[in-house]
Amino acid sequence: NPAQQRLLPELRRQLTEKLALHQQMIGLRRRNDPQAAVNVMTAGSGHRLMDDIQNRIDQMQDDEKKLLQARTAEAHDDAELLTGILIVGSLLSLSILSAVFLHLVAEVRRRRASELRLHRVNQLFYILSQCNQTIVRIGEVAPLLNKVCAITVERRFFKAAWVGLVDDETGELQPVALSDDPSLRFAGPWLPFPNGGDEPSF
């Protein structure tokens, strides 16, 4: 403490004077001169020195307490500042992590959607390619259409497939080719169309 360091020389001087006074009184008593010792004691210089020393020590203690309080307040302010910095840093980190997480979620969804679209395109391209090869190999209409229906559902991209033609006499849509799906196999006409009309009646 610089303030206490400045008070030390004066305190040392007062302690030296007090010690010299005690030595003087001891010397007077050893010489059997009690009256002189009494005169030294009653002169009051010893009490004044003792009061000055005590005041000096009290002042040093007060300075030490003030310095301790100031350092405690400074440490408390530093702790509050550090706590605020940690809170702000944590919030910023949480915000950044949340933004990164949301971005990753959006990116994963986008990639899944792209993969699904690509899968659909590949399936449709496969069906188209196989149908083209079937057209080259098969010349008859009925076997060709049945093979096309089988190709359409063979990879489970479509659950069922059928081909229908409108009967010119009855105006009804009749199935001419079906995939192997039980729900498509029933007797009777499909989707009746009125004669000479373009719209189906249900």
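Is C149 buried or exposed? That was my opening note on this model, which is a predicted one. I looked it up: C149 has a relative accessible area of 2%, so C149 counts as buried.

**Cysteines**

Next I checked for disulfides, and the structure holds 0 of them. C131 is in no disulfide, and its nearest cysteine sulfur belongs to C149, 8.9 Å away. I then came at the pair from the other end. Why does C149 make no bond with C131? The closest cysteine sulfur to that of C149 is the one in C131, and 8.9 Å is too far for a bond. For the cut-off, I noted that a disulfide needs the two sulfur atoms within 2.5 Å. I also looked up how covered C131 is: its relative accessibility is 12%, so C131 is buried.

**Core**

Where does C149 turn up again? I found C149 in the largest nonpolar core, alongside L145, V153, A161 and A177, which makes 5 residues. Helix α4, covering residues 141-153, gives this core its largest share, with 3 residues. I jotted down a general point here: in soluble globular proteins, nonpolar side chains tend to be buried together.

**Surface**

Then I turned to the outside. Which residues make a nonpolar surface patch of about 280 Å²? I have I96, V100 and L104 down for that patch. I picked V100 for a closer look and found it in helix α3, which runs over residues 45-137. V100 has 42% relative accessibility, so I put it down as partly exposed; the band for that label lies between 20% and 50%.

Terms used: Residues numbered from 1 in each chain as written. Predicted model: local features only at pLDDT ≥ 70, side-chain atom pairs only at ≥ 80, totals over all residues. Heavy atoms only, no water. Buried < 20%, exposed > 50% of the residue type's maximum accessible area, 1.4 Å probe, protein only. Core = buried A, V, L, I, M, F, W, Y, C linked by side-chain atoms within 4.5 Å. Helix = DSSP H or I, 4+ residues; strand = E, 2+ residues; numbered from the N terminus. Patch = residues over 30% accessible without salt bridge, like charges linked within 9 Å, V, L, I, M, F, W, Y side chains within 5 Å. Areas by Shrake-Rupley, 256 points an atom, 1.4 Å probe, with all protein chains shown as cover. Salt bridge = Lys/Arg side-chain N within 4 Å of Asp/Glu carboxyl O.
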